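Please look through the sequence and the model below before reading my comments. I have kept the points short so that each can be followed by eye.

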Amino acid sequence: LLVSKDLGKHLLEVEDLLQKHGLLEADISAQTERVQALNAAALKFSELEGYQPCDPQIICNRVNHVQTCLEELEELAAKRRKELEDSRQLWTFFQEMEEAEAWIREKEKILAAKTCGRDLSSVMTLTTKHKTMLGELGNRRALLHQTMKKGEKILAKKSFSSVGIQEKMREVCLRWKKLEEVTGLHQQRLEDALNFFQFSAETDDLVAWLQDMYRIVSSDDFGHDDYSTQSLLRKHRAVVEEVEKHRVAVMSLRKQLALLAPDHRQGVDVQIRVVEVEQLYGEVAEVAVLRTQWLQDALAVYRMFSEVHACEVWVDEKEQWLEKMEVPEELDEVEVVQHRFESLDQEMNSVMGRILDVNQVVQQLVDGGHPSSEEVRSCQDHLNSRWNRVVELVETKKGQLSSVLKIQNFLLEC
């Protein structure tokens with residue numbers, strides 16, 4: 001049993017042989033105690049004095065022979081245990097290598113069947129799964145490294161042929177290297193897909209935002225009075241600032257596109273999408289500038305109407321006063337009226353300046369092609385006509401006063 005060359009053909013068989021060998025070692029251990037007891041008893045006969053039933057030398061020789069046989073048996077048992085344990089190490093190594101190969105084949109199939117997703121959500125899900133797989137790959141790499149060390153130790157002992165061990169190690173190493181390459185390529189594809197879909201999502205968000213901005217800046221609401229138009233203008237300026245802030249994002253689209261993988265950046269759809277975004281931004285910016293001008297023109301119109309109204313209120317008041325005023329004949333009363341006309345001249349100079357400003361604003365609006373040019377021009381003509389009427393009345397009354405003063409002065413001189 002101990003000189004048997006059967007060391008097992010696989011791990012389970014070696015484990016079975018080791019179990020049987022353990023029973024044999026236990027039996028040898030039990031026999032060892034028996035032999036030692038018998039040898040001790042036999043040696044007593046060699047030490048007897050007087051009558052000796054057997055030659056002491058024969059007894060000693062027989063005891064030594066049995067002891068030597070027992071020691072040889074123990075040496076054989078120890079040698080076979082070492083051989084079986086070496087065999088177990090060998091088949092454990094091969095089994096672990098087979099498990100590693102099976103794991104590699106499984107991951108190769110998974111990687112071969114994996115896609116890179118069809119949208120941002122699916123790519124992110126696949127990326128998460130791939131990170132999990134990378135963790136498994138790291139753990140499996142550590143286990144494979146330990147198994148390789150076992151193979152190197154077996155080779156160092158030179159207990160078995162090195163051909164099968166080296167071939168298996170070389171084969172598994174090559175497959176592992178290929179798996180790492182495939183994993184790296186798949187990770188790169190996932191990263192490329194993730195960058196592409198993130199770029200697409202950001203572009204879609206930018207398009208949606210620009211479309212909202214276009215609806216806002218193309219509004220035909222310019223307010224109904226000075227206050228409402230000022231409020232709209234403040235809001236519009238905030239919108240213009242936001243549009244300007246997004247200029248960098250729009251202008252950087254082509255740089256971002258250039259950083260994408262060739263398969264993604266060379267697609268016709270994505271290139272058309274970038275051009276559409278740039279064109280849409282240009283339209284939004286252009287319409288925003290126009291709306292700024294329109295709001296400013298509307299504000300100018302409402303302020304002009306407000307100024308015209310204020311001037312007409314003054315004109316109405318003075319016109320009514322001038323029409324009702326009768327030139328007095330008494331010198332004292334004439335001097336009072338004359339002082340009032342002096343104050344009126346100062347007011348008229350001030351109002352005249354305001355009317356000139358109104359005329360200037362009207363001319364600018366008309367020259368700029370304002371849609372309310374006719375209404376503005378009509379308002380201007382009406383105000384100028386009223387103003388000329390007041391000027392005529394003032395000149396008439398001043399003339400009457402001048403005549404009265406001449407008569408009064410003539411009478412005084414007489």
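The points below take up two helix pairs and then a pocket.

1. This is a predicted model, in which local features need pLDDT of at least 70 and side-chain atom pairs count only at pLDDT 80 or more, while totals for chains, interfaces and linings use all residues. Residues are numbered from 1 along each chain as its sequence is written, and side-chain values use heavy atoms, with hydrogens and water left out.

2. Helix α2 (residues 56-113) and helix α3 (residues 120-157) have axes that come within 10 Å and cross at roughly 150 degrees. Helices here are DSSP runs (H or I, at least four residues), numbered from the N terminus; axes are lines fitted to C-alpha atoms over the stretch in contact, and angles run from 0 to 180 degrees between N-to-C directions. The two helices, α2 and α3, are therefore roughly antiparallel, a term used for angles over 145 degrees.

3. The crossing of α2 and α3 is left-handed, that is, the near helix is turned anticlockwise from the far one by less than a right angle. Among the residues making the contact (heavy atoms within 4.5 Å) are Phe93, Met97 and Trp103 of α2 and Leu137, Leu144 and Ile154 of α3. By class, the residues of this contact are eleven nonpolar, three polar and seven charged, where Ala, Val, Leu, Ile, Met, Phe, Trp, Tyr, Cys and Pro count as nonpolar, Asp, Glu, Lys and Arg as charged, and the others, Gly among them, as polar.

4. Helix α5 (residues 226-245) packs with α9 at an angle of about 160 degrees, the axes being 10 Å apart, which makes α5 roughly antiparallel to α9. Their crossing is left-handed. The residues that meet include Leu232, His236 and Val240 in α5 and Ala288, Leu295 and Gln296 in α9, and the contact has twelve nonpolar, five polar and five charged residues.

5. Which residues lie nearest the centre of the largest pocket? They are Gln296, Ala300, Val361, Gln364 and Leu365, out of 15 residues in the lining. A pocket is an open set of points on a 1 Å grid over the protein atoms alone, where a 1.4 Å probe fits, with protein on both sides within 12 Å along at least five of seven lines; lining residues have an atom within 4 Å of a point.

6. Helix α9 (268-324) and α10 (331-367) each supply at least two lining residues, and α9 gives the most, with seven.

Key: Parallel < 35°, antiparallel > 145°, perpendicular 65-115°, else oblique.
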